[in-house]
Amino acid sequence: MVKEGVGTLAYHEALAYIYKQNKAAFYARLSRSPYQLTDDVVKDIYHQGIVILVQKIQQNKIMEQSIPAYLWGICHHLYLQYRDKQIRSEINKTKYTVEQSQGHEEGIVEAQLLDESYRQLVDQLFKSIGEKCRTILLMRQMHFSYREIAQKLNPDSPSSDTVIRVMAGRCVKKLIRLVEEQPELKKQIEELLT
């Protein structure tokens, strides 16, 4: 196995073999749908994946698993991080960040929501659930991780990911309950969605 002899010639040859053996399949897989990444991004993700794989091997964190499957899991996770970063970058370009939206009555909805009546309805709902829920749901909509939300809500003493995940679930339930308790609001939503 690659774990033995870290730094030896056999170790480097084994890593080179793993790199070459999996490269074509990974490039092909990351270049097609749903990924559709540029060659440079695919190359970066694959190289980062190899670096992480090497670190895991050196830390003895990889057992007798299939190395290609383990490497694919790493690369897929890196792709998800890249995608979320791209989505946040697009949202920031449209000037809809949490800091800007908190002081504005109608600024909490992504720029993609073009219909003004829909925007007003969503703003009304978000006002009704409270500032903390509004921030959590808005940040989740913008693909922030639970850890990032925890740090944003309380930078001095951030909550755990699990606490924020539970809070987000409660906020969604609160929104659903709010809509169900107000037949007029439910009717407006149904009209907008049909």
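Begin by selecting helix α7 (residues 146-153) together with α8: the two pack at an angle of about 90°, and their axes lie 8 Å apart. Because angles of 65 to 115 degrees count as roughly perpendicular, α7 is roughly perpendicular to α8. To display the contact, show Tyr146, Arg147, Ile149, Ala150 and Leu153 on the α7 side, and Asp161, Ile164, Arg165 and Ala168 on the α8 side. Sorted by class, this contact of α7 with α8 comprises 6 nonpolar and 3 charged residues, with no polar ones. The model on display is a predicted one.

**The whole chain**

Zoom out to view the protein in full. Its secondary structure consists of 9 helices and 0 strands, and the order along the sequence reads α-α-α-α-α-α-α-α-α. Colouring by accessibility will show that buried residues account for 33% of the 194 residues. Of the contacts between residues at least 6 apart in sequence, 54% join residues at least 24 apart.

**Helix α6 against α8**

Next, keep helix α8 (residues 161-181) selected and add α6; their axes come within 9 Å and cross at roughly 105°. These two helices are therefore roughly perpendicular to each other. From α6, Lys132, Cys133, Ile136 and Leu137 take part in the contact, and they meet Met167, Ala168, Cys171, Val172, Lys174 and Leu175 of α8. By class, the contact of α6 with α8 holds 8 nonpolar and 2 charged residues, and again no polar residue.

Now select α6 alone, residues 131-141. Its buried residues are Cys133, Arg134, Thr135, Ile136, Leu137, Leu138 and Met139. Step just past the end of α6 to find His143, which has a positive phi of about 65°.

**Helix α2**

Move to helix α2 (residues 39-58). With 20 residues at 1.5 Å a residue, α2 should span 28 Å, and the distance of 29 Å between its end C-alpha atoms agrees with this. Show the side chains of Val41, Val42, Ile45, Tyr46, Ile50, Leu53, Val54 and Ile57, and mark Gly49 as well: these residues of α2 are buried. In viewing their spacing, recall that an α-helix has 3.6 residues a turn, so residues three or four places apart point the same way. After α2 comes Asn60, whose phi is positive, near 60°.

**The aromatic rings**

Finally, select the aromatic side chains, among which there are 4 aromatic pairs. In the pair of Tyr19 and Tyr46, the ring centres are 5.2 Å apart and the planes stand at 50°, so the pair is tilted. This pair links distant parts of the chain, with Tyr19 in helix α1 (residues 9-31) and Tyr46 in helix α2, 27 residues apart. Are these two rings buried or exposed? Tyr19 is partly exposed, at a relative accessible area of 23%, whereas Tyr46 is buried, at 0%.

Turn then to Phe26 and Trp72, whose ring centres lie 5.6 Å apart with planes at 55°, so this pair is also tilted. Phe26 belongs to helix α1 and Trp72 to helix α3 (residues 67-93), so that the pair links parts of the chain 46 residues apart. Phe26 is buried, with a relative accessible area of 6%, and Trp72 likewise counts as buried, at 12% relative accessibility. To close the tour, display Tyr19, Phe26, Tyr27, Tyr46 and Trp72 together: ring pairs link these residues into a cluster.

Methods: Residues numbered from 1 in each chain as written. Predicted model: local features only at pLDDT ≥ 70, side-chain atom pairs only at ≥ 80, totals over all residues. Heavy atoms only, no water. Helix = DSSP H or I, 4+ residues; strand = E, 2+ residues; numbered from the N terminus. Expected span 1.5 Å × (residues − 1). Buried < 20%, exposed > 50% of the residue type's maximum accessible area, 1.4 Å probe, protein only. Axes fitted to C-alpha atoms, helices over the stretch in contact; angles between N-to-C directions. Parallel < 35°, antiparallel > 145°, perpendicular 65-115°, else oblique. Contact = heavy atoms within 4.5 Å. Nonpolar A, V, L, I, M, F, W, Y, C, P; charged D, E, K, R; others polar. Phe/Tyr/Trp six-rings, centres within 6.5 Å; stacked < 30°, edge-to-face > 60°.
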